[in-house]
Amino acid sequence: MSAPLVEKTPPANWILQHPAYRQMEALEPADRAQLHAAFLVYMDLTEVRRWTEVSCMKSPELRVILLEGKEKDGAPVHTILPLPAHQSLSHSSICSVLDRGFPVLLCAVASDSTLVYQRLTDGLVTPDPPVGPFQDLDRRQHRKRRQHSVQQHREKTRSKS
Amino acid sequence: MEDLSVPRREELQPDSSPVVGISVCDSAPLIWRVQDLKVVRSGGLVGALLGSLPRTPRQNGRLGRPLLLLPEEERLLREGPGAAVLPRPGGERGAELKRRFEEEQTSSQEEQSVLALQDRKAALLRAMTSSLTEEAQQDRLGALDQNFVFPRSALAVQLSTARAGLHYCPEARSFLEAEQPIKTQPSPSSRFQVFRDLRGRGFFLTSAGKFGGDFLVYPGEPRNLSCLRLRLPPVLPPLVSSGDPLRFHAHFIAVCVESDRPVGVLDLLAVARLGSNVKKTVLLCSPVADGDVRYTSLQWSGMV
């Protein structure tokens, strides 16, 4: 009988040895927390969301690691700005990332590695309007609504007593 | 004294366009006169109505004059050609007005005190159970009569705006013309610069305290396609133009920050989350060097 295949457990510091991490480290960012955040976002984009052509570079003015990638083949290139959630940034920093010319995603990385992506766009973007069809309530429907809510209230108080 | 280097107002604008009079009450800029309210609104400034109705004083739905202006709105009005602070009536006339006001307040307090006592007695009678003897009830009512005090702080003050002579009077115009706008203003704050820029682009702006931002921005340009999705009546009344907050929901929550001031990532997330909950785009606004303003829209990415 052949021996069962034993999976080698990765070493405790597998992140530090990961080639992508080494690559980002070589760019010499300003702080390690941002580097770690950038790596987590990289893993999320490549392994979880399966984005393509994900690469890392350094923003010269801000000295932070930026990521670039496409959601899938043929999709537009996005710039991703990974930041630990406890840090701050100024509007001028945001503008310098936007000036690269690609749509920007800000990714906030929490201490438990939760990732939240927000889209940043230059200028005024009108929000999507609420979905129709709309219908103004007539008097009968107003009365129905009120009766219904009064009934509910009565049932609640009845069940409590 | 008129400054001769500045052209007279009649040359700048036709005679029919009135000058808006602002009354300052404890540093709050108020507009009382209907004519002034119309001018202000047709100029695209919304303000907030403060006055209530005498029969339903404790409500927030139907409000009337005066109109409270945002500090940015007041500044914009004063920088333009058509507004100045109304002079306070001084000297004898001022003293007489004050005396008459005090008299009215005192007589109102006496009336209200009588009515309040009646109210209290009725409430007491309702509350007293029938187990108390007739004598005990009378004792209680007597005690109330003796000890009841109606404090001045409980007085309901009613200002009758219709009867108080707040109609537009042409002779006040000569007072207002003499008040030139202040030449040396303090440097405009970032909030004011953003307000002025957005107003200049035709948007309507109101205060956004409810949403944690600085201003709510309503669509202003008539070519804005999203306003076509709302059902508009065939003829809009002349005072209400496209984008007026009476008819449209806001599109943006404007947050004014200085360009270099660091903002916490968590704060950005909080305000963006709030914006997506109410279906508005969060707008980060910063004035930049050449008087321009840079805008960044913050939206949910859709990536769960």
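**Reading backbone, surface and helix features**

Guide: Let's start with A:Arg63, which counts as partly exposed at 45% relative accessibility. Buried means under 20% relative accessible area, exposed over 50%, and partly exposed in between (1.4 Å probe, protein chains only). This is a predicted model, where local features need pLDDT of at least 70 and side-chain atom pairs need pLDDT 80 or more, while totals for chains, interfaces and linings use all residues. Residues count from 1 along each chain as written, chains are lettered from A and ligands numbered from 1 in written order, and side-chain values use heavy atoms, without hydrogens or water.

Visitor: What is the phi of A:Arg63, and where does the residue lie?

Guide: Helices (H or I, at least four residues) and strands (E, at least two) are DSSP runs numbered from the N terminus. A:Arg63 lies in the loop between strand S1 (52–59) and strand S2 (64–70) of chain A, and its phi is near 55 degrees, positive although the residue is not glycine. A:Ser113 has a positive phi too, near 70 degrees, and sits in the loop between strands S5 (104–109) and S6 (115–122) of chain A. A:Ser113 is partly exposed, at 39% relative accessible area.

Visitor: Which peptide bond is cis?

Guide: Look at the one from B:Arg65 to B:Pro66, with omega near 10 degrees. B:Pro66 belongs to strand S4 (residues 64–68) of chain B.

Visitor: How do I read a long helix, say H4 of chain B?

Guide: Compare its span with the expected one, which is 1.5 Å times one less than the number of residues. H4 (residues 91–127) has 37 residues and reaches 53 Å from first C-alpha to last, close to the 54 Å expected. Then check its faces: an α-helix has 3.6 residues a turn, so residues three or four places apart point the same way. Buried residues in H4(B) include B:Gln105, B:Gln109, B:Gln112 and B:Ala116. Part of their cover, counted by contact (heavy atoms within 4.5 Å), comes from H5 of chain B.

Visitor: How many disulfides are there over all chains?

Guide: A disulfide is a pair of cysteine sulfur atoms within 2.5 Å, and a search of the whole structure finds zero.

Visitor: Why is there no bond from A:Cys56 to A:Cys107?

Guide: The closest cysteine sulfur to that of A:Cys56 is in A:Cys107, 15 Å away, so it's too far for a bond. Both are buried, A:Cys56 at 15% relative accessibility and A:Cys107 at 0%.
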